[in-house]
Amino acid sequence: MLPIQLKLTGIYSYQDEQIIDFTKLTQDRLFGIFGKVGSGKSTVLEAMTLALYDKTERLNKSNRNYNLMNLKSKEIAVDFEFRAGANMTLYRFAVEGKRNSKKFGDVKTLRHNRYEWDETKNDWLPIKKGAEDILGLSYENFKRTVIIPQGKFQDFLQLPDKDRAKMMEEIFQLERFDLSTN
């Protein structure tokens with residue numbers, strides 16, 4: 001997966017629309033998201049997983065939609081464009097939701113829309129397939145391979161060789177490739 005653009009509105013601390021253009025960041029096809037604690041890194045990653053999988057790491061419990069939405073916002077929107085697959089097809093996954101105007105704590109069900117760019121029609125066409133079909137990764141494996149959990153990278157760097165190899169096995173579930181008879 002190669003992220004192209006992410007638009008955020010009304011999610012966590014992002015009240016106003018923010019647009020992240022990944023094209024310059026990804027021109028070498030590898031990048032990281034770095035910053036101080038509280039700078040919004042996790043929100044960017046959670047917005048991606050919300051759009052892709054309708055899941056978030058921090059708030060998959062009760063009242064998730066209310067907790068995701070910025071308290072000063074009336075709506076939440078995430079629009080994520082990315083390329084994936086052997087042909088690097090362009091996809092767009094969008095999420096939208098609104099706060100109930102009569103009951104502040106009620107954030108309606110989020111609407112999810114998925115599109116694929118059609119070069120011949122020069123337009124977005126709705127699709128039914130989800131992120132798991134397109135990326136070939138479940139949510140859990142997406143987290144393990146695309147998002148390095150907070151604090152895990154430092155742990156990884158400081159581990160002795162044997163322990164580092166074991167951690168890699170756990171994160172990427174490499175034990176399934178172990179053909180030894182031990």
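Is F104 buried, partly exposed or exposed, and what is its relative accessible area? F104 is partly exposed, with a relative accessible area of 43%. The structure described here is a predicted model. Its chain has six helices and six strands, and the points below set out the fold, the aromatic pairs and the salt bridges.

**Overall fold**
- Along the sequence, the elements follow the order β-β-α-α-β-β-β-β-α-α-α-α.
- The chain has 182 residues, of which 35% count as buried.
- Of the contacts between residues at least 6 apart in sequence, 54% join residues at least 24 apart.
- About 12100 Å² of the chain is exposed, and carbon and sulfur atoms supply 50% of this area.

**Aromatic rings**
- The structure contains seven aromatic pairs.
- In the pair of Y66 and F104, the ring centres are 6.1 Å apart and the planes stand at 80°, so the arrangement is edge-to-face.
- This pair links distant parts of the chain, since Y66 belongs to helix α2 (residues 64–68) and F104 to the loop between β4 (89–98) and β5 (111–118), 38 residues apart.
- Y66 is partly exposed, at 21% relative accessibility.
- F104 also has a charged neighbour: the charged end of R99 sits over its ring, 4.1 Å from the centre.
- One aromatic cluster is formed by F80, F82, Y91 and F93.

**Salt bridges**
- Side chains of opposite charge can pair when their charged atoms come close.
- There are four salt bridges in the whole structure, and three of them are described here, including the one between D54 and R64.
- The side chains of D54 and R64 meet at 2.8 Å, N to O.
- D54 is in the loop between α1 (41–53) and α2, while R64 is in helix α2, so their pairing ties together parts ten residues apart in sequence.
- D54 is partly exposed at 35% relative accessibility, whereas R64 is buried, with a relative accessible area of 12%.
- D79 and R92 also form a salt bridge through their side chains, at 2.8 Å from N to O.
- Because D79 lies in strand β3 (residues 75–84) and R92 in strand β4, this pair ties together parts that are 13 residues apart in sequence.
- D79 counts as buried, at 16% relative accessibility.
- K129 pairs with E116 in a salt bridge whose closest N and O atoms are 3.8 Å apart.
- The K129 and E116 pair links distant parts of the chain: K129 is in the loop between β6 (123–126) and α3 (131–135), and E116 is in strand β5, 13 residues apart.
- K129 is partly exposed, with a relative accessible area of 35%, and E116 is partly exposed at 23% relative accessibility.

Note on methods:
Residues are numbered from 1 along each chain as its sequence is written. This is a predicted model: local features need pLDDT of at least 70, side-chain atom pairs count only at pLDDT 80 or more; totals for chains, interfaces and linings use all residues. Side-chain values use heavy atoms; hydrogens and water are left out. Rings of Phe, Tyr and Trp (its six-membered ring) pair if their centres lie within 6.5 Å; planes under 30 degrees apart count as stacked, over 60 as edge-to-face and the rest as tilted. Helices (H or I, at least four residues) and strands (E, at least two) are DSSP runs, numbered from the N terminus. Buried means under 20% relative accessible area, exposed over 50%, partly exposed in between (1.4 Å probe, protein chains only). A charge sits over a ring if NZ of Lys or CZ of Arg is within 6 Å of the ring centre and within 35 degrees of the ring normal. Contact means heavy atoms within 4.5 Å. Accessible areas come from the Shrake-Rupley method with a 1.4 Å probe; for residues, only the protein chains shown count as cover.
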